[in-house]
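Let's walk through this one together, question by question. Keep the viewer open while you read.

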Amino acid sequence: PHLTGTLTIGVAPLATNTLLTKLLLTMHHYHPAIVLYAQEHTMETIFHLLYTNELDFGILGFMEKEPT
């Protein structure tokens, strides 16, 4: 399906450099009609903005898979 609209993402500083870049490129590739807004905030601010519906979702961090 062809999706359109906006998506506002709050991202904690530790997740910004690696995860956000990959996410934005992948989202744009599969859904070019969606306008993405990414905002860097502290975890506390992300929780507040989610609670007040000012963000669609938040990324607080991630764990890389251990090498095998």
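**Strands, helices and surface**

In this predicted model, Thr6 stands opposite Val35 in β2.

Q: What pattern does the protein chain follow along the sequence?
A: Start with the parts: the protein chain has two helices and three strands. Put them in reading order, and the pattern is β-α-β-α-β.

Q: What is the strand order in the open sheet?
A: β1 and β2 run parallel and are joined by seven bridges. Three bridges join β1 to β3, and these two run parallel as well. The edge strands, each pairing on one side only, are β2 and β3. That fits the order of this open sheet with parallel pairing, which is β2-β1-β3.

Q: Which residue of β3 is the bridge partner of Gly10?
A: Strand β1 covers residues 5-11. Its Val11 stands opposite Ile59 in β3. For Gly10, the bridge partner in β3 is Gly58.

Q: By how many degrees are neighbouring strands of the sheet turned against each other on average?
A: The sheet is open and has three strands. With direction ignored, its neighbouring strands are turned against each other by an average of 25 degrees.

Q: What angle does the direction of helix α2 make with that of β3?
A: Helix α2 spans residues 43-51 and packs on the sheet. It touches β1, β2 and β3. Taken against the direction of β3, its own direction makes about 165 degrees.

Q: Is Thr8 buried or exposed?
A: Thr8 lies in strand β1, which is mostly covered, with five of its seven residues buried. Leaving out residues up to four places away in sequence, Thr8 touches Tyr37, Gln39, Glu54, Leu55, Asp56 and Phe57. Its relative accessible area is 15%, and the cut-off is under 20%, so Thr8 counts as buried.

Q: What is the phi of Asn53?
A: Asn53 lies in the loop between α2 and β3. It is exposed because its relative accessible area is 67%. Most residues other than glycine have a negative phi. Asn53 is not a glycine, yet its phi is positive, at about 60 degrees.

Q: How far apart in space are Pro32 and Thr4, C-alpha to C-alpha?
A: Pro32 sits in the loop between α1 and β2, and it counts as exposed because its relative accessibility is 54%. In sequence, Pro32 and Thr4 are 28 residues apart. In space, C-alpha to C-alpha, they are 8.2 Å apart.

Q: How much accessible area do Met43, Phe47 and Leu60 have together?
A: Leu60 is in the segment after β3, and it counts as partly exposed because its relative accessibility is 32%. Leu60 forms a nonpolar patch on the surface with Met43 and Phe47. Together, the accessible area of these residues is about 270 Å².

Q: What share of the exposed area of the protein chain do carbon and sulfur atoms supply?
A: Buried residues make up 22% of the 68 residues in the protein chain. The protein chain exposes about 5,400 Å². Of that area, the share supplied by carbon and sulfur atoms is 61%.

Q: Among contacts between residues at least 6 apart in sequence, what share joins residues at least 24 apart?
A: One pairing at that kind of separation is Thr6 opposite Val35 in β2. Counting contacts in the protein chain between residues at least 6 apart, the share that joins residues at least 24 apart is 73%.

Key:
Residues are numbered from 1 along each chain as its sequence is written. This is a predicted model: local features need pLDDT of at least 70, side-chain atom pairs count only at pLDDT 80 or more; totals for chains, interfaces and linings use all residues. Side-chain values use heavy atoms; hydrogens and water are left out. Patches are made of residues with over 30% relative accessible area and no salt bridge: like charges are joined within 9 Å, nonpolar side chains (Val, Leu, Ile, Met, Phe, Trp, Tyr) within 5 Å. Accessible areas come from the Shrake-Rupley method with a 1.4 Å probe; for residues, only the protein chains shown count as cover. A salt bridge is a side-chain nitrogen of Lys or Arg within 4 Å of a carboxyl oxygen of Asp or Glu. Helices (H or I, at least four residues) and strands (E, at least two) are DSSP runs, numbered from the N terminus. Buried means under 20% relative accessible area, exposed over 50%, partly exposed in between (1.4 Å probe, protein chains only). Two strands pair if DSSP finds at least two bridges between them. Axes are lines fitted to C-alpha atoms, for helices over the stretch in contact, and angles run from 0 to 180 degrees between N-to-C directions. Contact means heavy atoms within 4.5 Å.
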